[in-house]
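Here is a short note to read alongside the structure. Please keep the display open and find each residue as it comes up.

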Amino acid sequence: MNTHFGSFTDPHTTFVLVHGSGTSAHMWAPLQRELALLGRRTFAVDLPGHGGDAQYSVAYQAPQDLDTLRTERSSLSGVTLDDNVNALVPVVDGLREHGPVVLVAASLGGVTTTVFANRYPERVEGLVYISAWACASKANPIEYMGEPEFADSLLPGLAGLNIEVDPTWNIGRANYRTADVALLRRLKAATMEEIDDERFMAFLNLMQPDESLAVMLADARIDADAWGRIPHAFIRLTRDRSLPTAMQDRLIREADDLTPHNRFRVHSLDASHAGFLYRSEQVARLLTAS
(Lines give C-alpha, C1' and ligand atoms only; values in the text may rest on other atoms or scores of the structure.)
Protein backbone atom coordinates (compact mmCIF):
# COMPACT_ATOMS: atom_id res chain seq x y z
CA MET A 1 0.00 0.00 0.00
CA ASN A 2 1.45 3.35 -1.07
CA THR A 3 1.11 5.89 1.73
CA HIS A 4 4.21 7.88 0.84
CA PHE A 5 3.90 11.65 1.17
CA GLY A 6 6.84 12.40 -1.11
CA SER A 7 4.65 14.14 -3.68
CA PHE A 8 3.87 16.88 -1.17
CA THR A 9 7.53 17.83 -1.03
CA ASP A 10 8.30 17.10 -4.69
CA PRO A 11 9.02 20.45 -6.41
CA HIS A 12 7.40 19.14 -9.60
CA THR A 13 4.05 18.58 -7.90
CA THR A 14 1.10 20.80 -8.83
CA PHE A 15 -1.42 21.56 -6.08
CA VAL A 16 -4.89 21.64 -7.62
CA LEU A 17 -7.06 23.87 -5.43
CA VAL A 18 -10.76 22.99 -5.20
CA HIS A 19 -13.01 25.70 -3.78
CA GLY A 20 -16.06 25.34 -1.55
CA SER A 21 -19.64 26.56 -1.67
CA GLY A 22 -20.37 29.98 -3.14
CA THR A 23 -16.76 30.66 -3.99
CA SER A 24 -14.41 30.17 -6.93
CA ALA A 25 -10.78 29.99 -7.96
CA HIS A 26 -10.42 33.62 -6.88
CA MET A 27 -10.49 32.65 -3.21
CA TRP A 28 -7.17 30.83 -3.51
CA ALA A 29 -5.09 33.84 -4.63
CA PRO A 30 -3.41 34.42 -1.22
CA LEU A 31 -2.34 30.78 -0.97
CA GLN A 32 -1.16 30.68 -4.58
CA ARG A 33 1.07 33.68 -3.93
CA GLU A 34 2.65 32.02 -0.89
CA LEU A 35 3.19 28.73 -2.70
CA ALA A 36 4.77 30.60 -5.62
CA LEU A 37 7.21 32.20 -3.18
CA LEU A 38 8.20 28.66 -2.19
CA GLY A 39 8.69 27.78 -5.86
CA ARG A 40 5.63 25.53 -5.97
CA ARG A 41 3.07 25.13 -8.75
CA THR A 42 -0.68 25.53 -8.33
CA PHE A 43 -3.85 25.43 -10.40
CA ALA A 44 -7.06 26.87 -8.94
CA VAL A 45 -10.17 25.29 -10.43
CA ASP A 46 -13.51 26.94 -11.16
CA LEU A 47 -16.10 24.22 -10.73
CA PRO A 48 -19.07 24.34 -13.17
CA GLY A 49 -21.13 27.51 -12.80
CA HIS A 50 -18.51 29.27 -10.68
CA GLY A 51 -15.92 31.98 -11.26
CA GLY A 52 -16.21 33.47 -14.72
CA ASP A 53 -19.35 31.42 -15.34
CA ALA A 54 -21.08 32.56 -12.15
CA GLN A 55 -24.51 34.19 -12.37
CA TYR A 56 -24.80 37.78 -11.13
CA SER A 57 -28.04 39.23 -12.44
CA VAL A 58 -28.97 42.90 -12.49
CA ALA A 59 -31.48 42.12 -9.74
CA TYR A 60 -28.56 41.15 -7.45
CA GLN A 61 -26.93 44.57 -7.80
CA ALA A 62 -27.72 47.69 -5.78
CA PRO A 63 -30.50 48.54 -5.32
CA GLN A 64 -31.54 44.92 -5.21
CA ASP A 65 -34.76 43.53 -6.62
CA LEU A 66 -35.48 40.58 -4.32
CA ASP A 67 -38.82 39.80 -5.98
CA THR A 68 -37.04 39.26 -9.29
CA LEU A 69 -34.27 37.26 -7.62
CA ARG A 70 -36.87 34.80 -6.36
CA THR A 71 -38.02 34.07 -9.90
CA GLU A 72 -34.81 34.13 -11.95
CA ARG A 73 -33.76 30.60 -12.86
CA SER A 74 -30.22 29.65 -11.89
CA SER A 75 -27.53 28.58 -14.32
CA LEU A 76 -26.50 26.06 -11.63
CA SER A 77 -29.85 24.28 -11.85
CA GLY A 78 -29.06 20.79 -13.08
CA VAL A 79 -25.37 20.88 -12.11
CA THR A 80 -24.44 17.69 -10.27
CA LEU A 81 -21.50 16.27 -8.38
CA ASP A 82 -20.71 14.21 -11.48
CA ASP A 83 -20.36 17.46 -13.42
CA ASN A 84 -17.86 18.73 -10.85
CA VAL A 85 -15.83 15.53 -10.98
CA ASN A 86 -15.88 15.43 -14.78
CA ALA A 87 -14.65 19.03 -14.90
CA LEU A 88 -11.56 18.02 -12.90
CA VAL A 89 -10.56 15.21 -15.27
CA PRO A 90 -9.02 17.28 -18.11
CA VAL A 91 -7.37 19.62 -15.59
CA VAL A 92 -5.69 16.79 -13.70
CA ASP A 93 -4.77 14.90 -16.86
CA GLY A 94 -3.18 17.98 -18.41
CA LEU A 95 -1.20 18.78 -15.28
CA ARG A 96 0.00 15.19 -14.85
CA GLU A 97 2.06 15.60 -18.00
CA HIS A 98 4.32 17.90 -15.95
CA GLY A 99 4.52 15.99 -12.68
CA PRO A 100 2.50 14.65 -9.73
CA VAL A 101 -0.85 16.18 -8.76
CA VAL A 102 -2.17 16.77 -5.24
CA LEU A 103 -5.79 17.87 -4.78
CA VAL A 104 -6.41 20.45 -2.05
CA ALA A 105 -10.04 20.96 -1.01
CA ALA A 106 -11.75 23.53 1.17
CA SER A 107 -15.16 22.96 2.77
CA LEU A 108 -17.71 21.63 0.22
CA GLY A 109 -14.84 21.07 -2.22
CA GLY A 110 -14.13 17.96 -0.22
CA VAL A 111 -17.03 16.06 -1.78
CA THR A 112 -15.75 16.67 -5.32
CA THR A 113 -12.23 15.74 -4.26
CA THR A 114 -13.38 12.53 -2.56
CA VAL A 115 -15.46 11.29 -5.47
CA PHE A 116 -12.72 12.14 -7.96
CA ALA A 117 -10.28 10.11 -5.85
CA ASN A 118 -12.78 7.25 -5.59
CA ARG A 119 -13.05 7.04 -9.37
CA TYR A 120 -9.54 7.92 -10.46
CA PRO A 121 -7.10 7.01 -7.66
CA GLU A 122 -4.29 6.50 -10.16
CA ARG A 123 -4.52 10.10 -11.36
CA VAL A 124 -3.56 11.85 -8.10
CA GLU A 125 -0.64 11.41 -5.73
CA GLY A 126 -2.15 13.11 -2.70
CA LEU A 127 -5.23 14.70 -1.12
CA VAL A 128 -5.51 17.55 1.38
CA TYR A 129 -8.71 18.53 3.16
CA ILE A 130 -8.73 22.00 4.73
CA SER A 131 -11.70 21.72 7.09
CA ALA A 132 -13.38 19.99 4.16
CA TRP A 133 -16.03 17.30 3.96
CA ALA A 134 -14.55 13.79 3.82
CA CYS A 135 -17.71 11.72 4.23
CA ALA A 136 -17.57 8.17 5.52
CA SER A 137 -20.53 6.98 7.62
CA LYS A 138 -22.93 9.50 6.09
CA ALA A 139 -23.44 10.09 2.39
CA ASN A 140 -23.06 13.86 2.29
CA PRO A 141 -22.70 17.06 4.34
CA ILE A 142 -26.47 17.52 4.70
CA GLU A 143 -26.76 14.16 6.49
CA TYR A 144 -23.91 15.07 8.85
CA MET A 145 -25.52 18.40 9.72
CA GLY A 146 -28.10 16.60 11.85
CA GLU A 147 -25.43 14.98 14.00
CA PRO A 148 -24.39 16.14 17.52
CA GLU A 149 -20.89 17.16 16.37
CA PHE A 150 -22.47 19.83 14.17
CA ALA A 151 -24.56 21.35 16.97
CA ASP A 152 -22.13 24.22 17.62
CA SER A 153 -22.07 25.36 13.99
CA LEU A 154 -23.23 28.92 13.40
CA LEU A 155 -24.45 28.13 9.87
CA PRO A 156 -28.08 27.44 10.88
CA GLY A 157 -28.25 30.99 12.24
CA LEU A 158 -27.65 32.35 8.73
CA ALA A 159 -31.04 31.32 7.33
CA GLY A 160 -31.83 35.00 6.85
CA LEU A 161 -29.38 35.08 3.93
CA ASN A 162 -31.50 32.67 1.93
CA ILE A 163 -33.59 33.86 -1.01
CA GLU A 164 -36.49 31.47 -1.64
CA VAL A 165 -36.54 30.10 -5.18
CA ASP A 166 -38.38 27.34 -7.00
CA PRO A 167 -37.38 24.12 -5.16
CA THR A 168 -37.37 22.17 -8.42
CA TRP A 169 -34.25 24.12 -9.46
CA ASN A 170 -32.37 22.28 -6.69
CA ILE A 171 -30.18 25.26 -5.83
CA GLY A 172 -29.61 27.48 -2.84
CA ARG A 173 -29.45 31.24 -3.33
CA ALA A 174 -27.85 33.47 -0.70
CA ASN A 175 -27.90 37.25 -0.56
CA TYR A 176 -24.28 38.04 0.26
CA ARG A 177 -24.96 41.67 -0.67
CA THR A 178 -27.45 42.15 2.13
CA ALA A 179 -27.34 45.42 4.04
CA ASP A 180 -28.57 43.73 7.24
CA VAL A 181 -25.76 44.59 9.65
CA ALA A 182 -26.78 42.01 12.26
CA LEU A 183 -26.84 39.27 9.64
CA LEU A 184 -23.43 40.31 8.33
CA ARG A 185 -22.04 40.12 11.86
CA ARG A 186 -23.36 36.57 12.19
CA LEU A 187 -21.87 35.63 8.83
CA LYS A 188 -18.49 37.01 9.86
CA ALA A 189 -18.64 35.10 13.16
CA ALA A 190 -19.39 31.90 11.26
CA THR A 191 -16.70 32.24 8.63
CA MET A 192 -13.98 34.77 9.50
CA GLU A 193 -14.32 35.82 13.11
CA GLU A 194 -10.63 36.70 13.60
CA ILE A 195 -10.33 38.81 10.43
CA ASP A 196 -10.96 42.56 10.46
CA ASP A 197 -14.20 43.88 8.98
CA GLU A 198 -12.52 45.43 5.94
CA ARG A 199 -10.95 42.17 4.79
CA PHE A 200 -14.12 40.25 5.59
CA MET A 201 -16.15 42.56 3.34
CA ALA A 202 -13.54 42.28 0.60
CA PHE A 203 -13.79 38.49 0.72
CA LEU A 204 -17.59 38.66 0.81
CA ASN A 205 -17.56 40.47 -2.51
CA LEU A 206 -15.90 37.41 -4.08
CA MET A 207 -18.85 35.23 -3.06
CA GLN A 208 -21.46 34.19 -5.58
CA PRO A 209 -25.11 33.77 -4.59
CA ASP A 210 -26.00 30.38 -6.08
CA GLU A 211 -24.88 26.87 -5.20
CA SER A 212 -26.09 23.48 -6.37
CA LEU A 213 -28.00 21.51 -3.76
CA ALA A 214 -27.49 18.42 -5.92
CA VAL A 215 -23.78 18.61 -5.14
CA MET A 216 -24.45 18.85 -1.41
CA LEU A 217 -26.94 15.95 -1.46
CA ALA A 218 -25.07 13.47 -3.66
CA ASP A 219 -23.44 10.34 -2.26
CA ALA A 220 -19.82 11.33 -1.61
CA ARG A 221 -18.75 8.56 0.74
CA ILE A 222 -15.14 7.45 0.76
CA ASP A 223 -14.32 4.27 -1.15
CA ALA A 224 -11.77 2.60 1.11
CA ASP A 225 -10.27 0.52 -1.70
CA ALA A 226 -9.71 3.46 -4.08
CA TRP A 227 -9.53 6.66 -2.02
CA GLY A 228 -7.72 4.66 0.65
CA ARG A 229 -4.76 4.06 -1.69
CA ILE A 230 -3.87 7.77 -1.81
CA PRO A 231 -1.85 9.61 0.87
CA HIS A 232 -4.11 12.18 2.51
CA ALA A 233 -3.76 15.02 4.99
CA PHE A 234 -6.27 17.07 6.95
CA ILE A 235 -5.74 20.63 8.15
CA ARG A 236 -7.99 21.16 11.19
CA LEU A 237 -9.12 24.73 11.66
CA THR A 238 -9.46 25.17 15.39
CA ARG A 239 -11.49 28.41 15.20
CA ASP A 240 -13.92 27.06 12.62
CA ARG A 241 -17.50 27.89 13.60
CA SER A 242 -19.03 26.68 10.34
CA LEU A 243 -17.62 23.14 10.34
CA PRO A 244 -16.87 22.71 14.06
CA THR A 245 -13.72 20.99 15.19
CA ALA A 246 -15.83 18.23 16.75
CA MET A 247 -17.18 17.42 13.29
CA GLN A 248 -13.77 17.77 11.67
CA ASP A 249 -12.43 15.27 14.19
CA ARG A 250 -15.29 12.88 13.50
CA LEU A 251 -14.59 13.01 9.76
CA ILE A 252 -10.92 12.27 10.40
CA ARG A 253 -11.71 9.44 12.80
CA GLU A 254 -14.23 7.78 10.52
CA ALA A 255 -11.90 7.93 7.52
CA ASP A 256 -9.08 6.47 9.61
CA ASP A 257 -11.37 3.64 10.71
CA LEU A 258 -12.05 2.86 7.04
CA THR A 259 -8.39 2.95 6.04
CA PRO A 260 -6.38 2.13 9.18
CA HIS A 261 -3.40 1.29 6.97
CA ASN A 262 -3.46 4.81 5.53
CA ARG A 263 -4.54 7.34 8.13
CA PHE A 264 -4.91 11.08 7.74
CA ARG A 265 -1.79 13.07 8.45
CA VAL A 266 -3.33 15.78 10.64
CA HIS A 267 -2.23 19.36 11.16
CA SER A 268 -3.99 22.02 13.22
CA LEU A 269 -4.17 25.71 12.43
CA ASP A 270 -5.59 28.49 14.61
CA ALA A 271 -7.92 29.86 11.94
CA SER A 272 -11.60 30.11 11.02
CA HIS A 273 -13.46 28.46 8.14
CA ALA A 274 -12.34 31.00 5.52
CA GLY A 275 -9.89 32.92 7.67
CA PHE A 276 -7.21 30.32 6.92
CA LEU A 277 -6.65 32.19 3.64
CA TYR A 278 -5.19 35.04 5.67
CA ARG A 279 -2.77 32.54 7.21
CA SER A 280 -1.64 31.39 3.79
CA GLU A 281 2.07 31.48 4.60
CA GLN A 282 1.48 28.85 7.27
CA VAL A 283 -0.88 26.85 5.07
CA ALA A 284 1.68 26.81 2.27
CA ARG A 285 4.33 25.45 4.61
CA LEU A 286 1.97 22.79 5.92
CA LEU A 287 1.14 21.70 2.39
CA THR A 288 4.72 21.42 1.28
CA ALA A 289 5.78 19.63 4.45
CA SER A 290 2.90 17.15 4.53
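The numbered points below go through helix packing, aromatic rings, single residues and the backbone.

1. The model is predicted, and local features are taken from parts with pLDDT of at least 70. The points below should be read with that in mind.

2. Start with helix 4 (residues 81–96) and helix 5 (residues 109–119). Two packed helices are described by the angle between their axes and the distance between the axes. For helix 4 and helix 5, the axes come within 9 Å and cross at roughly 65°. Angles of 65 to 115 degrees count as roughly perpendicular, and helix 4 and helix 5 are therefore described as roughly perpendicular to each other. The crossing of helix 4 with helix 5 is right-handed.

3. Which residues of helix 4 and helix 5 meet? On the helix 4 side they are Leu-81, Asp-82, Asn-84, Val-85, Leu-88, Val-89 and Val-92. On the helix 5 side they are Val-111, Thr-112, Val-115, Phe-116 and Arg-119. Sorted by class, this contact has eight nonpolar, two polar and two charged residues. An α-helix has 3.6 residues a turn, so residues three or four places apart point the same way. Keep that rule in mind when reading the residue numbers on each side.

4. How many of the 11 residues of helix 5 are buried? The count is 10, and helix 5 is described as mostly covered. Val-111, Thr-112, Val-115 and Phe-116, which meet helix 4, are among the buried residues. Gly-109, Gly-110 and Asn-118 are also included. The cover over the buried residues of helix 5 includes helix 4, helix 6 (141–144) and helix 9 (213–217). Strand 1 (14–18), strand 3 (101–106) and strand 4 also belong to that cover.

5. A second helix pair is helix 2 (residues 29–37) with helix 11 (residues 280–289). Their axes come within 8 Å and cross at roughly 60°. That angle makes helix 2 oblique to helix 11. This crossing, too, is right-handed. Helix 2 brings Pro-30, Leu-31, Glu-34 and Leu-35 to the contact, and these meet Ser-280, Glu-281, Val-283, Ala-284, Leu-287 and Thr-288 in helix 11. By class, the contact has six nonpolar, two polar and two charged residues.

6. Thr-288, in helix 11, deserves its own check. Is Thr-288 buried or exposed? Its relative accessible area is 16%, and buried means under 20%, so Thr-288 counts as buried. Leaving out residues up to four places away in sequence, Thr-288 touches Phe-8, Thr-9, Phe-15, Leu-35, Leu-38 and Arg-40. Its C-alpha atom is separated by 23 Å from that of Asp-240, which is 48 residues apart from Thr-288 along the chain.

7. Compare Thr-42, placed in strand 2 (residues 41–45). Thr-42 has 23% relative accessibility and counts as partly exposed. Beyond its neighbours within four places in sequence, Thr-42 is in contact with Thr-14, Phe-15, Leu-17, Gln-32 and Leu-35. Phe-15 and Leu-35 are thus contacts of Thr-42 and also of Thr-288.

8. The structure holds 10 aromatic pairs. One of them joins Tyr-56 and Tyr-60, with 6.1 Å centre to centre and 40° between the planes, and is tilted. Tyr-56 is partly exposed at 34% relative accessible area, whereas Tyr-60 is buried at 2%.

9. Tyr-129 and Phe-234 form a stacked pair, with 6.5 Å centre to centre and 5° between the planes. Tyr-129 lies in strand 4 (residues 126–130) and Phe-234 in strand 7 (residues 232–237), so the pair ties together parts that are 105 residues apart in sequence. Tyr-129 is buried, with a relative accessible area of 0%, and Phe-234 is buried with 0% as well. These two rings belong to one aromatic cluster with Trp-227 and Phe-264.

10. Finally, some backbone details. Ala-62 and Pro-63 are joined by a cis peptide bond, with omega about -5°. Pro-63 is in the loop between strand 2 and helix 3 (66–69). Ser-131, a residue other than glycine, has a positive phi near 40°; Ser-131 sits in the loop between strand 4 and helix 6 and is buried at 0%. Asn-170 also has a positive phi, near 60°. Asn-170 is in the loop between helix 6 and strand 5 (171–173) and is partly exposed at 29%.

How values were computed: Residues are numbered from 1 along each chain as its sequence is written. This is a predicted model: local features need pLDDT of at least 70, side-chain atom pairs count only at pLDDT 80 or more; totals for chains, interfaces and linings use all residues. Side-chain values use heavy atoms; hydrogens and water are left out. Axes are lines fitted to C-alpha atoms, for helices over the stretch in contact, and angles run from 0 to 180 degrees between N-to-C directions. Helices (H or I, at least four residues) and strands (E, at least two) are DSSP runs, numbered from the N terminus. Angles under 35 degrees count as roughly parallel, over 145 as roughly antiparallel, 65 to 115 as roughly perpendicular and the rest as oblique. A crossing is left-handed if the near helix is turned anticlockwise from the far one by less than a right angle, and right-handed if clockwise. Contact means heavy atoms within 4.5 Å. Ala, Val, Leu, Ile, Met, Phe, Trp, Tyr, Cys and Pro count as nonpolar, Asp, Glu, Lys and Arg as charged, and the others, Gly among them, as polar. Rings of Phe, Tyr and Trp (its six-membered ring) pair if their centres lie within 6.5 Å; planes under 30 degrees apart count as stacked, over 60 as edge-to-face and the rest as tilted. Buried means under 20% relative accessible area, exposed over 50%, partly exposed in between (1.4 Å probe, protein chains only).
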